[in-house]
Amino acid sequence: MEITKKDVELAGKLANMRINEEETALYEAQLKALFNWVQELSAINTDGVKLTNVNLAAHIRPDVPVENEALAQELRNDFAAEENGCAKVKKVL
């Protein structure tokens, strides 16, 4: 993937960052190096390599009801809408 000055400027705009010309050149070089490295890694054949030391459960917290009803109500009050006992939030794209 070819990274251009325009890509860096767009990324800066999306991140709400002001990037000057010097920084644009620096970030462009860094992003090119990063994407080249990822491309090198993608070329490595990992067929037959087993995952090790992976604990997927460490990233999932149990869904348990709140026992402190006052706290639960306080949290519900922070949201404009509620549906089926859950806070209703805007759709994120």
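Author: A helix here is a DSSP run of H or I with at least four residues, and a strand is a run of E with at least two, both numbered from the N terminus. The model is a predicted one, in which local features need pLDDT of at least 70 and side-chain atom pairs count only at pLDDT 80 or more, while totals for chains, interfaces and linings use all residues. Residues are numbered from 1 along each chain as its sequence is written, and side-chain values use heavy atoms, with hydrogens and water left out.

Reader: Happy with that. What makes the contact of Glu2 and Lys32 a salt bridge?

Author: The term asks for a side-chain nitrogen of Lys or Arg within 4 Å of a carboxyl oxygen of Asp or Glu. Glu2 and Lys32 come to 3.6 Å, N to O, so the pair meets the rule. Glu2 sits in the segment before α1 (5–14) and Lys32 in helix α2 (residues 21–42), so the bridge ties together parts 30 residues apart in sequence.

Reader: How many salt bridges does the rule give?

Author: The count comes to 3. Another is Glu21 with Lys5, whose closest N and O atoms are 2.9 Å apart. That pair links distant parts of the chain, since Glu21 is in helix α2 and Lys5 in helix α1, 16 residues apart. Lys32 also pairs with Glu28, at 3.2 Å between the closest N and O atoms. Both of these lie in helix α2, 4 residues apart, about one turn of the helix. Through shared partners, Glu2, Glu28 and Lys32 join into one network.

Reader: Is Glu28 buried or exposed, and how do you know?

Author: Buried means under 20% relative accessible area, exposed means over 50%, and partly exposed is in between (1.4 Å probe, protein chains only). Glu28 has 17%, so the residue counts as buried. Its network partner Lys32 is partly exposed at 29%, and Glu2 is exposed at 58%. In the other bridge, Glu21 is exposed with 53%, whereas Lys5 is partly exposed with 35%.

Reader: How do you know that the span of α2 agrees with its 22 residues?

Author: The expected span is 1.5 Å times one less than the number of residues. For α2 that should be 32 Å, and its end C-alpha atoms are 31 Å apart, which agrees.

Reader: What caps the N-terminal end of α2?

Author: Asn20 does, with a side-chain oxygen 3.1 Å from the backbone nitrogen of Glu22.

Reader: Which residues line the largest pocket, and what makes them lining residues?

Author: On a 1 Å grid over the protein atoms alone, a pocket is an open set of points where a 1.4 Å probe fits, with protein on both sides within 12 Å along at least five of seven lines; lining residues have an atom within 4 Å of a point. Val66, Glu69, Ala72, Leu75, Arg76, Phe79, Gly85, Cys86 and Ala87 form the lining. α3 (69–77) and β2 (86–88) each supply at least two of these residues, and α3 gives the most, with 4.

Reader: And what is notable about phi of Asn16?

Author: The angle is near 60°, a positive value in a residue other than glycine. Asn16 is found in the loop between α1 and α2 and, at 72% relative accessibility, counts as exposed.

Note on methods
Polar contact = N/O pair within 3.5 Å; in protein donor to acceptor, adjacent residues only side chain to side chain.
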